[in-house]
Amino acid sequence: MESSKKERFYTVPELSRELGLTERAIRFYESKGLLAPKRAGNTRIFSYKDRARLIIIMRAKKLGFSLNGIKSYLDLYDVDSNQRKQTKIGLNAVDERINFLEEQRDEIKILLADLNEIKHALVRTLNNG
């Protein structure tokens, strides 16, 4: 990647357009401590690193992680330069999420089977009535 991209700065409207987020969402993530842009007067100035953090936030939210969990994960970038601790915590969080979703899937299968049984019983009642 060329260094000019890493040296580039973004405003809230630019990030909003580029990433398909509302400006309000970006400000919300900032208010929750997930982003810490610099300021030029009243204008928020986001770095390439802030943009990368925002992409991670969006992806993690899509996968169902909480804002607190995302913040804890992102904060490790600043603490552990080799990212080993962050990688271990990330792996544990992903494993937990997979287990949670697999349990949900199993519960959904049971509920769908029950609903289909009820539906078939109702259809039989209509056809026999």
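**Exercise 1.** In this predicted model, decide whether Glu 18 counts as buried, partly exposed or exposed, and find the residue that its side chain meets in a salt bridge.

*Solution.* Begin with the accessibility: the relative value for Glu 18 is 37%, and because buried means under 20% and exposed means over 50%, Glu 18 counts as partly exposed. Next, look for the partner: the side chains of Glu 18 and Arg 8 meet in a salt bridge, with an N to O distance of 3.9 Å, which is within the 4 Å cut-off. The pair links distant parts of the chain, since Glu 18 lies in helix H2 (residues 12-19) and Arg 8 in the loop between helix H1 (3-7) and H2, ten residues apart. Finally, Arg 8 is itself partly exposed, with a relative accessible area of 36%.

**Exercise 2.** Locate Arg 51, determine whether it is buried or exposed, and state which residues it touches beyond four places away in sequence.

*Solution.* Arg 51 is placed in helix H4, which covers residues 48-62. Its relative accessibility is 17%, and because this is under the 20% limit, Arg 51 counts as buried. Leaving out residues up to four places away in sequence, Arg 51 touches Tyr 10, Leu 15, Glu 18 and Leu 19. With one of these, Glu 18, the side chain of Arg 51 makes a side-chain polar contact at 2.5 Å.

**Exercise 3.** Compare the placement of two salt bridges, Glu 23 with Arg 27 and Glu 30 with Arg 44, and then identify which residues are joined into one network by shared partners.

*Solution.* Start with Glu 23 and Arg 27, whose closest N and O atoms are 3.2 Å apart; both residues lie in helix H3 (residues 23-31), four residues apart, about one turn of the helix. Glu 23 is partly exposed at 30% relative accessible area, and Arg 27 is partly exposed at 34%. Turn then to Glu 30 and Arg 44, whose side chains meet in a salt bridge of 2.4 Å, N to O. Glu 30 lies in helix H3 and Arg 44 in strand S2 (residues 43-45), so this pair ties together parts that are 14 residues apart in sequence. Glu 30 is buried, with a relative accessible area of 18%. As for the network, salt bridges that share partners join Arg 8, Glu 14, Glu 18 and Arg 51, while a search of the whole structure finds eight salt bridges.

Terms used
Residues are numbered from 1 along each chain as its sequence is written. This is a predicted model: local features need pLDDT of at least 70, side-chain atom pairs count only at pLDDT 80 or more; totals for chains, interfaces and linings use all residues. Side-chain values use heavy atoms; hydrogens and water are left out. Helices (H or I, at least four residues) and strands (E, at least two) are DSSP runs, numbered from the N terminus. Buried means under 20% relative accessible area, exposed over 50%, partly exposed in between (1.4 Å probe, protein chains only). A polar contact is a pair of N or O atoms within 3.5 Å; within protein, one must be able to donate a hydrogen and the other to accept it, and residues adjacent in sequence count only if both atoms are side-chain atoms. Contact means heavy atoms within 4.5 Å.
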